[in-house]
Structure formats: C-alpha cells, structure tokens
Amino acid sequence: MINRNISQLIITFAFFYSFIVCHLEALEKYQRGDFVMSYILWICALFSFLGALRFRIAKIINSLIKKKDE
C-alpha cells in the first residue's frame, strides 16, 4: 500500500498542474477574444489552486474555530 503522505503529495501536485494548465489555457482564450471561456477556465484554475492548498485552508479554518470557542 502506498504511504498516505505520498498519495497526498501526488494529488497536491496534480491540483497545481491543473491550475497551471487552466490558467495558461485561459490566457490563450482571452487573447483570442473568447472571454466567456477564459473566465470559466480562470474559475477552474482558482478551484484547482484552492484544492492544492486544501490542508492549509483547513488548518486556518480550524484555528479560527478554536479562537472563536475560547
């Protein structure tokens, strides 16, 4: 069985790769004048970026919840 940390690292890398691909494709579509598709791709890139940072986002939210409870 693959170590859990290695699989999380692979998934995080896949999210970052997806972010880069979506962003570059959005730039290309934007330069060609296809604004709607470029905005859709930028939204996908944003979600991919947030997916790559999912552990950090969860850590920040948990710390905010703990501070609120104190």
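## Surface and ground rules

About 6000 Å² of the protein chain is exposed, and carbon and sulfur atoms supply 70% of that area (Shrake-Rupley method, 1.4 Å probe). This is a predicted model, where local features need pLDDT of at least 70 and side-chain atom pairs count only at pLDDT 80 or more, while totals for chains, interfaces and linings use all residues. Residues are numbered from 1 along each chain as its sequence is written, and side-chain values use heavy atoms, leaving out hydrogens and water.

## Overall build

You'll find three helices and zero strands here, in the order α-α-α along the sequence (DSSP runs, H or I of at least four residues for helices, E of at least two for strands, numbered from the N terminus).

The radius of gyration is 16 Å, while a compact globule of 70 residues would come in near 11 Å (taken over C-alpha atoms; the globule rule is 2.2 Å times the number of residues to the power 0.38). The C-alpha atoms fill a box of roughly 50 × 40 × 10 Å along the principal axes. Just 13% of the 70 residues count as buried (under 20% relative accessible area; exposed is over 50%, partly exposed in between, with a 1.4 Å probe and protein chains only).

## One salt bridge

The structure holds one salt bridge (a side-chain nitrogen of Lys or Arg within 4 Å of a carboxyl oxygen of Asp or Glu). It joins the side chains of arginine 32 and glutamate 28, at 3.1 Å from N to O. Both sit in helix α1 (residues 4–32), four residues apart, or about one turn of the helix. Arginine 32 is exposed at 67% relative accessible area, whereas glutamate 28 is partly exposed at 33%.
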